[in-house]
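Colleague: I'd like to go through this one with you and ask why you use the words you do. Can you pull it up?

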Amino acid sequence: MVGYTEALTDPSYNGQILTLTYPLVGNYGVPDPNIKDLDGIPKFFESEKIQIRGLVVHELSHTASHWNLSMTLDEWMYNEKIPGISGIDTRELTKKLRTNGVMMAALVVSESEIDVEKIKQELKSAAHYNSERFMNEVSTKEEKIYGDDKNSVVIIDTGAKNAIIRNIRELGYKAILVPWNTSFEKIMSYDPKGVVLSSGPGDPQNCPDTIDTAKKLIEENMPTLGICLGAQIIGIAGNTETYKLKYGHRGQNKPCVNLENNQVYVTSQNHGYGIKPESLDASDFKLWFTNADDKTVEGIKHKKQNCIAVQFHPEAAPGPFDCKFIFEELKQLMEK
Amino acid sequence: MPKNESLKKILVLGSGAIKIGEAGEFDYSGSQCLKAIHEDGLKSVLINPNIATIQTDTRFADQVYLLPVNPQYVESIIEKERPDGIMLAYGGQTALNCGVKLDESGIFKKYGVNVLGTQIPGIQSTEDRQLFKDSMKEAGVPVLNSKTVTNFDDAKNAAEELNYPVIIRVAYTLGGRGGGVAYNEIELHEIVERGLKASLVGQVLVEEYIGHWKQIEYEIMQDYDGNNVVVCNMENVLSMKVHTGDNIVVAPSQTIDNHEYHMLRSAGLRATKHVGIVGECNIQYALDSDSDRYVAIEINPRLSRSSALASKATGYPLAYMSAKIGLGYNLSELVNRITKNTTACFEPSLDYIVCKHPRWDFSKFELVNPKLGPTMKSVGEVMAVGRTFEESLQKAIRMLDIGNDGLVLNRANGQKFSEEEIEEKLSHHDDKILYNVAIALKMGISVEKIYSLSSIDPWFIEKIQNIVNTESKIKSSALDSPTLWEAKKMGFSDKQIARAKEQTPDSIRDLRKKLGIIPSVKQIDTLAAEWPAVTNYLYFTYGGNSNDVQIPSNEKGIVVVGAGPYRIGSSVEFDWGTVNMVWGLQENGEKNVSVVNCNPETVSTDYDICTRLYFEEITQERLLDISDFENPKGVITCVGGQTANNLTPGLAEHGINIMGTSAHDVDRAEDRSKFSAELDKLHIPQPLWQAFSNLGEAKNFAQDVGFPVIVRPSYVLSGAAMKVVWSQEELKIYVKEATDVSPDHPVVISKFMLNSLEVDVDGISNGKEVVIGAIVEHIDSAGVHSGDAMMCIPPWRLSNKIIETINEYAKKIALTFNVKGPFNLQFLINNDHVYVIELNIRASRSMPFVSKLVKTNLISLASKAILDKPLPKIPENKWQKIHNYGIKVPQFSFMQLEGADIALGVEMQSTGEAACFGESFYDALSKGLTSVGYNLPDKGTALVTVGGSQNKEKLVASIAKLKHLGFKILATEHTAEFFEEKLGDIEIVHKISEPERKPNIADLLYERKIDFIINIPSTSTLEKYVGMLDDEYQIRRKSLELGIPVLTTIELADSFVKTLEWLKTNKPTIDPIQPYDKIE
């Protein structure tokens, strides 16, 4: 119901056809992409463009109403040349996805009868989602600097959402966004107080360079926070194993338990991979957060070093702000 | 935290009789609370005088007291039962206020009772306006700016500071009179000057005006550990202009974005944490439509109407979870009741849109103002589930059961307004507002213009535009598959489509099914299909192409049709009937019992009551859809009041097996002329009657028998369009009205017998045996609607001979009409003769009352009858041998209805009822009167004003008794003259319409120098209808607004005085009710 602007521009969704369970979409339109905050970050978007390859909804609102809108969802997608389809029984589609897992799909438009069998064949021979290499697509090509505060935090961009940068800025730090394969040495040359490994799309194993960097960050005890894909990368660097979830955790209403105080938080999540719970024992990490429903790993803390990681999105956008305190935890590590 | 192990016995307070603003939703929340307590093996004690509820059955609660929920009675129960915990959040404002008072007077401390859930300081910091503002500021949640002023200059400064427009609220006045909205200094001057004069303390409040802001609500759960989640949010379509109880509400919100949604969500979590909510609460915001500025308006630290709606909208049982939290569980320990394996500490995701629509009953009240505003006036509501707003809205309108088939294409279509008229209607909402938006769109008025006048968000107006466009498309194009699909997705019913195409609904249905255009059945599962969920909570939609569930053929069951929205005349008693029927069938071995209902304020829509719950329209079209899907053994229509009953013939015609009395026999009873002819055949007397088809016949009949006469259509409930007519002119008006209400059925006119007693009989038959539940006597004389009358079991003015005759007639009639299930008969007793007025072959309003007093659950018996099982042997006169008196007293909600007159008549006006039992008539009555809000003073002053010498004569004994009890008697001139002569020592007071004459009633009322009023309208009902006596109306209205009891019938006045006398030397008993006797 809310958050489509944020979701569609989240680089973690890069390369995917997205379907929304809420049936009425586009009600409040889309704000102006040219409105930037003081740091030059688009105020209402999570990246520079729509990241998804297609959108599937039940009902698209052709008119929109909101004080902050500059266009309809339809106009935005048209401008960015991203296809979508409405009129679909998205509940039925969701049930299919929950049973069979995430799958390859095609959106086909034709004036004549569509040959479904032929499309299925084409789909079979298409490059599989798992084999795609997203980093070239989603990661920044060069360093980007936001703000001019004395102390800085480096964000390794494996598909970072703008909200991560915003949260670092709110902590009072300069944010330096660097490409996904930036070396440890290069990072240290910025003399950062801490490092964030960002969220992003795909299998963490596809980011070997980032894993290497993470290993060194842990070794050198650099205060580090991993988010989502970043958490999996940190996990691998600390000897845990990752695996692909059947259909992932996606939504804004995922309850997680903080094992340190038994408080439950509602979190925003979007991940298809996770850290194997049974691999934690032999690793350098201890369990920090678990998913209250399926008990999967939602956060880990290094047993000795200043390294924390969460599988959910503390930066929200879309989703609840309940876990903003994770950034405060990073700040504490940096100021220790 | 685990469950608090020190708890053994918990006291739960109910909300008492149903009134506007406190309705059946508290039966739902209280029942869930008791269920939660019971599951944990703890004892529960309930205090609630609302006899028609499920919670006052001894099923969930261990001990039930039908007693007033006020500090005195609750204290006496605490003293007797010694509970160690108390739940205050499940009985509305009544229970909450009572709890706060008990705490203030140290009762909880004295008896060591723990308040479970939100603690008293938390409750106070939400209830007290200033404490609320302070605590919100501390929590970083903005509130509305306002200033109290005592002169215009200060008001002007305040307004400039706050920015125009501002709203001026007058301190200490009645019903917000004298206030208003000022857009500039000139208007401000006028309103403030007027307001300062009207205010008793010369004070007005100048506040930012935010009528055009959005009204958004969040339902929040929090445990003792401070874990909190938002279960649901809701948006009010009619903005801040209209009270949320009178608003059309959608869930989830539709027009706010991610930033606003989570901004308000976070603020809610902060606020509830700061206040210390434990359990459930509702927080209401106003959100600017032109920026992200917002303010918190209020927090309800208890279950509410909104939380009942949120429960049903999401499938998250808020009241149950809240009670568990009160018992000490934390959120993550509790399990999602739908998935059964995920935690309750989550936020449901919806994949549908819910639309709540209020039901108003303005036509029942004379003089009432139908404008919508900050005071709630609706008497009930419905909730529709769909996958487009258009579908949900049109479904909701049909659910209201007000004769409309949707937003457009209704039977009474085509109202025309001038541009000026429609603009006025758009800016001042009444109960027709959305219809008026549709009319405006058809007139070509732009969406922006409608928005600026109405403050309805353009998104909703655009959706109404879609409905309007679809209407013209249906009219102008051929009914092919795409057009029909579009119409159905936009929520059009077959009836609407048929009307547009001048065809029959059946032909549309046939065509549709031929084209494969049928609705899908979807689950409400709290998680938008993300995980598999075994849930039986279902709805129908055209926004899908696949069913979520299939019904195996070996699960063929029975469908019980519920009662739809609460309204005047059909309230929680029919939900009691529905739920007890489900239980009865289950106890008799039926494994698959489904329920169809659309009222979110009910227990019958708790999905754990039945095998499958269809939260759906109670219309022929939808019931046929359900039958197509379920292929049931049969459908039961006799427990859902008149709404369900009216469907009987149509469903039977379509081949549905009606279980219970046959459609043919129901029709013989409902069709007034067939019914009357049957009675003649049985030689059972009835008031003179005639069916007629034209006014001439009606006039002739009335002249023959003499006025007054009663005009009534068939197939109606609670006197809709039933009128006592006193003159030829009136006859003309009401005959037309009656034919409008029920055009397909004959209208009958009968002699209205003055000075009669009215009697109700509730019974069950299986076609061979008849069980009479009880004979119930009306304390008020005939002419006061049976729903508004006080009732008594056993009857106290009937001779044994009359009781025998009634018994005989009742049995004869039940067998003649082949009744299989519940029935209700109404009799008139005039000069020792018994006349039959009406037979209802269905559950009645008085059945819970009869069942509980006589300890025979009549609906359980009815379930046996319907299943063709023999009825148990119940002694013929069991009800006469109950050594108890039961008295049922109506609850009125006139205070909410600006302008409504409180004098009673043939149209039912009460919104609810309470009943109490006692060892004597006055024992029961004193508790009954207290339960519905009468203060029973032991000394003070009574004002007497009585019209007509006959009435005065009848009251002499009572007035003498009052004097004897030490009450001072005031009376208006003529009344005073009469009683002075008979009794002496009467003080004269002057009419409100003569303010210059002192002492004046108006002054005395304001000064609270009158404790109660006996005001019998002149010559009984006659002049009320011929011409309202304005002065008497003024007295009734003013006293009502000041909370001073007014007794408007002789019988009530007599009983009231005798009760005062009884209380001088007696103390009311406080015994729990006994469980139903086991039937084999």
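Modeller: Let's start with "contact": two residues are in contact if their C-beta atoms, placed from the backbone, lie within 7 Å. Keep in mind that this is a predicted model, with local features needing pLDDT of at least 70, side-chain atom pairs counting only at pLDDT 80 or more, and totals for chains, interfaces and linings using all residues. As for labels, residues are numbered from 1 along each chain as its sequence is written, while chains are lettered from A and ligands numbered from 1 in the order in which they are written.

Colleague: Which residues does B:Ser392 touch, then?

Modeller: Leaving out residues up to four places away in sequence, B:Ser392 touches B:Ile353, B:Val354, B:Cys355, B:Ala384, B:Val385 and B:Gly386. B:Ser392 also sits 9.0 Å from B:Thr541, C-alpha to C-alpha, with their positions 149 residues apart in sequence.

Colleague: What makes B:Ser392 buried?

Modeller: The rule counts other C-beta atoms within 10 Å of the residue's own: 20 or more is buried, 12 or fewer is exposed, and in between is partly exposed, with C-beta atoms placed from the backbone. B:Ser392 has 27 of them within 10 Å, so the residue is buried.

Colleague: And why is B:Ser455 called buried?

Modeller: B:Ser455 has 20 other C-beta atoms within 10 Å, so buried applies. B:Ser455 is in the loop between α15 (447-454) and α16 of chain B, and has a positive phi of about 60° without being a glycine.

Colleague: How do you class A:Asn239: buried, exposed or partly exposed?

Modeller: A:Asn239 has 13 C-beta neighbours inside 10 Å, so partly exposed is the class. A:Asn239 is another non-glycine with a positive phi, near 75°, and lies in the loop between α9 (229-237) and β11 of chain A.

Colleague: What lets you call something a helix or a strand?

Modeller: Both are DSSP runs numbered from the N terminus: H or I over at least four residues for a helix, E over at least two for a strand. Chain B has 37 helices and 38 strands.

Colleague: How do you know that chain B is as compact as a globular protein of that length?

Modeller: The radius of gyration is taken over C-alpha atoms, and the globule rule is 2.2 Å times the number of residues to the power 0.38. For 1080 residues the rule gives 31 Å and chain B comes out at 29 Å, which is close, so the description holds. Also, 59% of the residues of chain B count as buried.

Colleague: Why do you say that helix α11 of chain B is largely enclosed?

Modeller: Nine of the nine residues of α11(B), 318-326, are buried, so the rest of the structure largely encloses the helix. Among them are B:Tyr320 and B:Lys324. Just after α11(B), B:Gly328 takes a positive phi of about 115°.

Colleague: How are α12(B) and α16(B) oriented to each other?

Modeller: Axes are lines fitted to C-alpha atoms, for helices over the stretch in contact, and angles between N-to-C directions run from 0 to 180 degrees. Under 35 degrees is roughly parallel, over 145 roughly antiparallel, 65 to 115 roughly perpendicular, and the rest oblique. Helix α12 (residues 389-399) of chain B packs against α16(B) at about 75°, the axes being 9 Å apart. The two are therefore roughly perpendicular. B:Phe389, B:Glu390 and B:Gln394 of α12(B) meet B:Lys463, B:Asn466 and B:Ile467 of α16(B).

Colleague: What makes β24 and β26 of chain B a pair?

Modeller: Strands pair if DSSP finds at least two bridges between them. Strand β24 (residues 709-713) and strand β26 (residues 747-751) of chain B are joined by five and run antiparallel. Across the pair, B:Arg712 stands opposite B:Val748. They belong to an open, antiparallel sheet of four strands, β23-β26-β24-β25 in chain B. What makes β23 (689-692) and β25 (723-725) the edges is that each pairs on one side only.

Colleague: Which elements of chain B touch chain A?

Modeller: In all, 42 residues of chain B are in contact with 36 of chain A. The elements giving two or more residues on the chain B side are α9 (258-275) and α16 (458-476), and α9(B) gives the most, with five.
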